[in-house]
Amino acid sequence: MITFVTDSDKKASIASDILHQLPEWFGLPESTKTYIEDSKELPFWACFEAEKPAGFLALKETSPYTVEIYVMGVLKEKHRSGIGSLLVQECEAYAKEKGYEFLQVKTVQKGHYEEYDRTNAFYERLGFRELECFPTLWDAWNPCQIYVKTVK
C-alpha cells in the first residue's frame with residue numbers, strides 16, 4: 001500500500017532504514033545522511049507491506065515547471081515487484097495535480113555500474129528519456145545522467 005507521509009520523523013526513519021539496506025546505491029555516508037535529512041521536508045510516499053516500509057520516494061521542486069525524484073529506495077528483495085512503479089505513479093499524479101510539466105531524475109550514467117544500469121532500465125521502462133549527462137557534476141567516477149518525462 002502506497003501512503004503519503006507527512007510526519008518528518010517518520011520520513012527520516014523510513015528513509016534511513018531503507019537507504020542503509022541499499023549500500024550498492026547509497027554507499028556514501030555523507031550523501032545518504034543528506035538524503036535522509038532533506039527527505040524530512042519534501043513530499044514523501046512510502047510503500048508498506050505488513051506495516052513495514054518496503055520502499056519510498058521523495059520529490060523536490062527544481063523549477064516552477066519541474067519536480068525531481070530526489071531520492072527513491074526499494075528494498076533489494078522487493079525489486080521487480082512493482083513497488084517502484086507504484087511509487088513513481090503516485091508522484092506523477094501529484095506532479096500533474098500541482099501543475100508541473102516535467103518529472104526528472106538523476107542517476108549514474110549507463111555503462112559504469114551494473115546496479116545503475118538496472119536503475120536506468122527501470123526509468124526507461126517507465127517512459128523517462130535521457131536529457132543530458134554531466135560527467136563531473138558529482139565526480140568523474142559517477143557521471144550524472146539526467147532523465148526527464150512529461151507529466152501533462
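I take two rings of Phe, Tyr or Trp to be a pair if their centres lie within 6.5 Å. The model I examined is a predicted one.

**Entry 1: aromatic pairs**

By this rule I counted seven aromatic pairs. I looked up Tyr35 and Tyr70 among them, and I recorded an edge-to-face pair, with 5.2 Å from centre to centre and 70° between the planes. Tyr35 belongs to helix H2 and Tyr70 to strand S4, so this pair ties together parts that are 35 residues apart in sequence. I then checked how far each ring residue is covered. Tyr35 is partly exposed, at a relative accessible area of 22%. Tyr70 has a relative accessibility of 14% and therefore counts as buried, since buried means under 20%.

I turned next to Phe44 and Phe56. Their ring centres are 5.2 Å apart and their planes stand at 10°, so I noted the pair as stacked. Phe44 is in strand S2 and Phe56 in strand S3, so the pair ties together parts 12 residues apart in sequence. Both Phe44 and Phe56 are buried.

I also entered one aromatic cluster, formed by Phe4, Trp45 and Tyr94.

**Entry 2: nonpolar cores**

I asked which residues have the most contacts inside the largest nonpolar core. They are Leu57, Leu59, Ile69, Met72, Val88, Leu103 and Phe128, in a core of 23 residues. At least two residues of this core come from each of strand S2 (44-49), strand S3 (52-63), S4, H3, S5 and H4. H3 gives the most, with five residues.

I followed Leu57 further. Neighbours within four places in sequence set aside, I found Leu57 in contact with Pro43, Phe44, Trp45, Ile69, Val71, Met72, Leu87, Val88 and Cys91. Phe44, from the stacked pair, is thus also on the contact list of Leu57.

I recorded a second, separate core as well; it has 21 residues, including Val5, Ala12, Ala15 and Trp25.

**Entry 3: the largest pocket**

I looked up the space in the largest pocket and noted about 1300 Å³. Which elements give two or more residues to its lining? I listed helix H2 (29-39), strand S4 (66-74), helix H3 (83-97), strand S5 (102-108), helix H4 (114-125) and strand S6 (129-139). The lining has 46 residues, and Trp25, Phe26, Thr107, Tyr116 and Thr119 lie nearest the centre of the pocket. Trp25 is thus named both here and in the second core. By kind, I recorded 22 nonpolar, 13 polar and 11 charged residues in the lining.

**Entry 4: two single residues**

I looked up Thr150, which lies in strand S7 (residues 142-150). Is Thr150 buried or exposed? Thr150 has a relative accessible area of 52% and is therefore exposed, as the term requires over 50%. Apart from neighbours within four places in sequence, Thr150 is in contact with Glu101 and Phe102. I also noted the separation of Thr150 from Gly99: 51 residues in sequence, and 11 Å in space from C-alpha to C-alpha.

My last residue was Leu86, whose place is in helix H3. Leu86 has 41% relative accessibility and so counts as partly exposed. Between the C-alpha atoms of Leu86 and Lys11 I noted 18 Å, the two residues being 75 residues apart along the chain.

Definitions and conventions:
Residues numbered from 1 in each chain as written. Predicted model: local features only at pLDDT ≥ 70, side-chain atom pairs only at ≥ 80, totals over all residues. Heavy atoms only, no water. 1 Å grid on protein atoms, 1.4 Å probe; cavity = no way out; pocket = protein on both sides within 12 Å on 5 of 7 lines; lining within 4 Å. Points joined across faces, edges and corners; volume = space filled by probe spheres on them. Helix = DSSP H or I, 4+ residues; strand = E, 2+ residues; numbered from the N terminus. Nonpolar A, V, L, I, M, F, W, Y, C, P; charged D, E, K, R; others polar. Core = buried A, V, L, I, M, F, W, Y, C linked by side-chain atoms within 4.5 Å. Buried < 20%, exposed > 50% of the residue type's maximum accessible area, 1.4 Å probe, protein only. Contact = heavy atoms within 4.5 Å. Phe/Tyr/Trp six-rings, centres within 6.5 Å; stacked < 30°, edge-to-face > 60°.
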